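Visitor: I am new to this structure and would like a close look at a single part of it. Could you take one strand, go through what lies beside it, and then turn to the place where two of the chains meet?

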6 protein chains.
Amino acid sequence: MVFLTRHEFFNAAHRLSNPHWTDAQNEAVFGKCANANWHGHNYELIVTVKGSVNTETGFLMDVKVLSQILQQEVCEPLDHKNLNLDVPFLNGILPSTENLCIAIWNRIEPHLPKGVQLHRVKLYETPRIYVEYFGPLLNN
Amino acid sequence: MVFLTRHEFFNAAHRLSNPHWTDAQNEAVFGKCANANWHGHNYELIVTVKGSVNTETGFLMDVKVLSQILQQEVCEPLDHKNLNLDVPFLNGILPSTENLCIAIWNRIEPHLPKGVQLHRVKLYETPRIYVEYFGPLLNN
Amino acid sequence: MVFLTRHEFFNAAHRLSNPHWTDAQNEAVFGKCANANWHGHNYELIVTVKGSVNTETGFLMDVKVLSQILQQEVCEPLDHKNLNLDVPFLNGILPSTENLCIAIWNRIEPHLPKGVQLHRVKLYETPRIYVEYFGPLLNN
Amino acid sequence: MVFLTRHEFFNAAHRLSNPHWTDAQNEAVFGKCANANWHGHNYELIVTVKGSVNTETGFLMDVKVLSQILQQEVCEPLDHKNLNLDVPFLNGILPSTENLCIAIWNRIEPHLPKGVQLHRVKLYETPRIYVEYFGPLLNN
Amino acid sequence: MVFLTRHEFFNAAHRLSNPHWTDAQNEAVFGKCANANWHGHNYELIVTVKGSVNTETGFLMDVKVLSQILQQEVCEPLDHKNLNLDVPFLNGILPSTENLCIAIWNRIEPHLPKGVQLHRVKLYETPRIYVEYFGPLLNN
Amino acid sequence: MVFLTRHEFFNAAHRLSNPHWTDAQNEAVFGKCANANWHGHNYELIVTVKGSVNTETGFLMDVKVLSQILQQEVCEPLDHKNLNLDVPFLNGILPSTENLCIAIWNRIEPHLPKGVQLHRVKLYETPRIYVEYFGPLLNN
């Protein structure tokens, strides 16, 4: 069992607000993150997969293939987009970093090659804040 | 003559589009940076001042004061804001990183203490792209 | 179950020496870290909490609240201090990075909101050395 | 139980190719990594050990000793070398990052002091790609 | 006058040796960098251009175009290559970081758009060593 | 003319206080940096030299020699030391980052090989604060 990790990047706008709340409630809970005209981030996405090493290639999986999956399933749909408005697979999801991580897990997981398991989705919102998700089976 | 530099950060949304152009022209020139629903960045602001060392303090200037100027004049007005819509001192300015750099220079320069000169405003838009401005007197 | 992490910083002086040992013993074990006149570090503190996502906010917990706890309980008491002399909660503790990590865990843990568990305290002493502590329950 | 980590570096040339395959097969699987005249990397090696804290020293182990083990067992034999040709302990091993990680684990593990366990070998091949190995006992 | 900078990356093998010298001379001058079987690096290339801001676009030049020039003229010919053997434009050049910087300047300079000047080629060989070249006109 | 740069590191304690001032004056000017029991930093030292490229070696100068000069003249005397008490060449100098930069310049400059000029001493006190000195001849 080895673990292979790839870093990717996307830049997006979002705002944090609960559509069932008043503006005052959103302002009270989310502060400047609720700004009606949006703000944005350079997100750094760090995805780890695990499995055994293929003895012929020395690879868990080809990291170029992992990168293509991340580009196609996550970076292309999210890069230079508004996460609240522009992304079908985020419809109805409040785009906190926590929820983004879970949505990205669900987006990537079906595309991994046979024998390779998704281990972790880690997402930096700023250089000082990140969230990690290890899938629905981890419940401490 | 020594040079003192301070790093600060702000996160903001923007889009690149020339209001005198059609959508098709903006799309042709700015590509995905013209997305009508905005995108955003974690900007890293790196400001350098220059001057002589005060023999009593060993300081060019107190870096905490420099940080307060940057916070008050740049980070507070720009952080978690939409650079096209929310910032009075960017009114009418297309918020490219080049134009932001120049606007930030103009915003900071009047607030520096006597005897301290602004040397450089450096602004990272992404970890791989930055712009520098050395003021209106530098013309190669 | 998701994991949320926040980076903070503090700068401090310390020395490594066992008060029950002679200077020669301390010098033999701790080398230049035993320097009688102290040395110091820019510590980077990286704290991870875990729990479930609040469906109304999309948050495990508000990262600003996590930051405030770290500032109040760790950074303010330690920043620009001497870890051997100036910090009541480190009294009698040899300030190795290992011991600092455990002391910081004990300092933070009682302040987390209900439903949020402390997962990891990670402390960089230099850019090439760090220690992690996952709490008293992890005994491998 | 605490965890102590040390970063080290080495720069090396390698190529990925299976000696039982034709050039065309190697090119098809490994692409430009199969270049017959080699390419190379600045590898960053990050090694974590675990155990309990010695109450007299405050150390899990002396990080200078850990660094010396890594230098002697890994960095000196690999730095400024060709990983396919120059390294006896890599003989017959296709030098993928996955295989390097496992070989480095096997190389370090016998040299750790009594009471200290090797926890993880993490190896960056580029700033955006890394592999981790937690030893032969981890089989998920 | 503003300055725009773009970071790119390539991974390559090389060795330092003067073909007019004996092996012993090369070993004496270049040490382990003369290893006959090559070694390699993750090079980070940082290129700065300068000029005035186009008032219609807010751009000095489109950074995507700058990136394409760097990819086409530098990264594609050098990435996953042997700098001593595989690169026509480095024929007969001892691939020290100094010489690489100058060769990269000469390679990029003719491709910049009208009105945009090449200002600096900066090349990291390791995270702790870099070389800069400001062109043939700078002679202090 | 090319420029060659090397990064080095040292960890030290210091305090900022003017010995001709009262404690209250020092506290008013230097704030927590005046803490009587010291504090400390991981300093990052970045030194740039300039000159022409030797056609036989491709080197401005051997970067290993530059590193040795920095180790011997700066890092060994300063690492794990108290900058106010332990360093003969800092006697009587208030160890602000500005004054350290100038003292380091004076310390390095006489040791460079013939034909190589010292261009810049850059010193990070924290990851967000640095000072640069270009020598006594630069007076803007």
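**A strand and its neighbours**

Guide: In chain D, strand β2 (residues 39-51) pairs with β4(D) in the antiparallel sense, over 7 bridges; strands here are DSSP runs of E, at least two residues long, numbered from the N terminus, and two of them pair if DSSP finds at least two bridges between them. This is a predicted model, in which local features need pLDDT of at least 70 and side-chain atom pairs count only at pLDDT 80 or more, while totals for chains, interfaces and linings use all residues. Residues are numbered from 1 along each chain as its sequence is written, chains are lettered from A and ligands numbered from 1 in the order in which they are written, and side-chain values use heavy atoms, with hydrogens and water left out.

Strand β4 of chain D covers residues 117-126, and 9 of its 10 residues are buried, that is, under 20% relative accessible area with a 1.4 Å probe and protein chains only. Within the pairing with β2(D), D:Lys122 of β4(D) is the bridge partner of D:Ile46. β4(D) is also joined by 5 bridges to strand β5 (residues 129-133) of chain D, again running antiparallel, and there D:Tyr124 stands opposite D:Tyr130 in β5(D). With 2 residues between them, β4(D) and β5(D) form a hairpin.

The strand numbered β4 in chain B, also residues 117-126, leads to the meeting of chains B and A. That contact (heavy atoms within 4.5 Å) takes 21 residues from each of chains B and A, and 100% of the interface residues of chain B are also interface residues in chain A, so the copies meet through the same surface. Between these chains the count is 2 salt bridges, each a side-chain nitrogen of Lys or Arg within 4 Å of a carboxyl oxygen of Asp or Glu; B:Asp79 forms one with A:Lys32, the closest N and O atoms being 2.5 Å apart. On the side of chain B that touches chain A, the elements that give two or more residues are β1 (2-14), β2 (39-51), β3 (81-82) and β4 (117-126) of chain B, and the largest share, 4 residues, comes from β2(B).

Notes:
Buried < 20%, exposed > 50% of the residue type's maximum accessible area, 1.4 Å probe, protein only.
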